[in-house]
Structure formats: C-alpha cells, structure tokens
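Reader: Hi! Could you walk me through this model, strand by strand where it helps?

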Amino acid sequence: LDIALPDGDDAFHFFGAGAPALTPDGRTLVYVANRGGTQYVFRRRLDQTDSEIVSGTEGAMRVHVYPAGDWLAFTVSSEGLKKVPLSGGPPAAVYQPKTGVLGLDFTSAGDLVVGDHSYGLFRVPAAGGEPVSLLPDSTDGTPRYPVVLPGARGLLFTVGSEPVSNRIAVLPAGAP
C-alpha cells in the first residue's frame with residue numbers, strides 16, 4: 001500500500017512520533033502530517049484514495065487508536081494527551097503530563113497506561129479522573145513506552161534515559 005500525501009503536505013517526523021496506526025478493523029489508517037505549517041491527524045479509509053484531516057487535532061504530534069476503533073488519542077506538546085472521535089469533533093483532555101508523554105497503551109478495560117517523561121508510568125481511567133502512579137521514576141531510569149501484555153499478564157516497558165543504556169522490563173500483573 002502506497003499513500004501519497006497531497007502536494008504541500010509533509011509527514012511529521014519527530015523522535016518517536018509520526019508512526020501511522022490502523023483501526024482494529026483494518027479499514028482506516030491514521031497518521032500525523034503537516035499541512036500549511038500545522039500538524040494534524042489525518043484519516044484515510046483504505047477503500048478510498050484521499051486522506052482527510054480529523055477535525056479537532058491541530059498541533060498533534062503522535063496518534064494512537066483506541067481498542068474499539070472509535071476514538072483517537074493524540075498528544076499536543078503544550079496541551080498533553082487528548083482524545084477525539086475518529087470521525088472528528090471537539091477534542092477532550094485526557095491527561096496533562098508533568099513534562100511530556102513518552103508512549104501509551106490501552107488496557108482491556110479501556111484505561112490508558114501513559115509514560116510521563118521523568119515521572120514514570122500512570123494508569124489513566126477510561127472514564128476520566130485522577131491518574132494512578134504504576135511505577136515512579138527512579139535512580140535506575142525513567143520507565144516509559146508501556147505495552148500492556150496480552151491477557152493483562154503485565155506491563156512491558158523501557159527503562160532508562162539514554163538509548164545506549166535503556167533496557168526492557170516487565171511489571172507483572174497485580175504489582176503496584
């Protein structure tokens with residue numbers, strides 16, 4: 001599958017960002033691109049030839065698809081983590097990190113697990129509310145880029161602050 005961006009649009013490249021994502025049904029691709037100096041989330045149904053901006057996603061840096069495929073989570077540097085319906089609409093605030101989002105994944109219950117740069121991993125309830133610390137930053141390095149393991153068996157994540165010394169760790173299910 002080749003997707004040519006319209007003239008004047010550029011794929012948004014940022015460390016750890018810009019990776020496209022497919023909806024769970026495999027029918028829609030979402031990605032971040034720059035149009036006219038502003039980053040947006042774009043959606044492209046794979047049975048169509050054109051991509052379109054998802055309204056409400058101005059300033060997007062990274063995009064993730066909710067497990068049900070009906071919502072998108074996206075980061076905006078100064079505004080934290082937001083969500084918006086895949087069809088577009090007003091964005092809703094989800095999480096305001098202390099310094100920046102470094103990865104996120106979803107639990108089977110729809111909660112988000114977010115890496116907060118320099119502060120650790122947090123679970124953000126799907127219905128909103130206060131984030132819960134799962135694993136704080138430590139002298140061993142910052143936990144980030146969480147991946148919820150199948151069957152909720154635990155949480156895989158990266159620990160470290162320098163690429164040459166990063167390592168992979170697992171927080172077993174039921175651990176703090």
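Author: Happy to, with a definition up front: two strands pair if DSSP finds at least two bridges between them, where strands are DSSP runs of E at least two residues long, numbered from the N terminus. This is a predicted model, in which local features need pLDDT of at least 70, side-chain atom pairs count only at pLDDT 80 or more, and totals for chains, interfaces and linings use all residues. Residues are numbered from 1 along each chain as its sequence is written, and side-chain values use heavy atoms, leaving out hydrogens and water.

Reader: Thanks! So what is the bridge partner of Val101 in S11?

Author: That is Asp116. Strand S10 (residues 101–106) runs antiparallel to S11, and four bridges join them.

Reader: How many residues sit between S10 and S11 in their hairpin?

Author: Five, and Gly110 in that turn has a positive phi of about 90 degrees.

Reader: And on to S12: how many bridges join S11 to it?

Author: Five bridges join S11 to strand S12 (residues 120–124), again with the strands antiparallel. Val114 stands opposite Phe122 there. The hairpin of S11 and S12 has three residues between its strands, and Ser118 takes a positive phi near 70 degrees.

Reader: Is S11 largely enclosed or open, and why?

Author: Enclosed, because five of the five residues of S11 (residues 112–116) are buried, that is, under 20% relative accessible area (over 50% is exposed, in between is partly exposed; 1.4 Å probe, protein chains only). Leu112, Val114 and Asp116 point one way from S11, while Val113 and Gly115 point the other way, and all are buried.

Reader: Switching topic: which strands form the open sheet, and in what order?

Author: The order is S6-S7-S8-S9, with antiparallel pairing. Strand S6 (60–65) and strand S9 (92–95) are the edges, each pairing on one side only. From one strand to the next the twist averages 35 degrees, using axes that are lines fitted to C-alpha atoms and angles from 0 to 180 degrees between N-to-C directions.

Reader: How many bridges do S8 and S9 share?

Author: Three, in the antiparallel sense; Leu81 has Tyr95 in S9 as its bridge partner.

Reader: There's a lysine in S8 I'm curious about: is Lys82 buried or exposed?

Author: Lys82, in strand S8 (residues 80–85), is buried, with a relative accessible area of 15%. Its side chain makes a polar contact of 2.3 Å with that of Glu79 (N or O atoms within 3.5 Å, one able to donate a hydrogen and the other to accept it; residues adjacent in sequence count only if both atoms are side-chain atoms). Leaving out residues up to four places away in sequence, Lys82 touches eight others by name, including Leu72, Phe74 and Pro91; contact means heavy atoms within 4.5 Å.

Reader: And which residues have the most contacts inside the largest nonpolar core?

Author: Val30, Val41, Val63, Leu72 and Phe74, in a core of 13 residues. Such a core is a set of buried Ala, Val, Leu, Ile, Met, Phe, Trp, Tyr and Cys residues joined through side-chain atoms within 4.5 Å. Strand S3 (28–35), S6 and strand S7 (71–76) each supply at least two of its residues. A second, separate core of twelve residues includes Ala73, Phe106, Leu112 and Phe122.

Reader: Last one: where is Leu149?

Author: Leu149 is in the loop between strand S14 (143–148) and strand S15 (154–159). At 21% relative accessibility, Leu149 counts as partly exposed.
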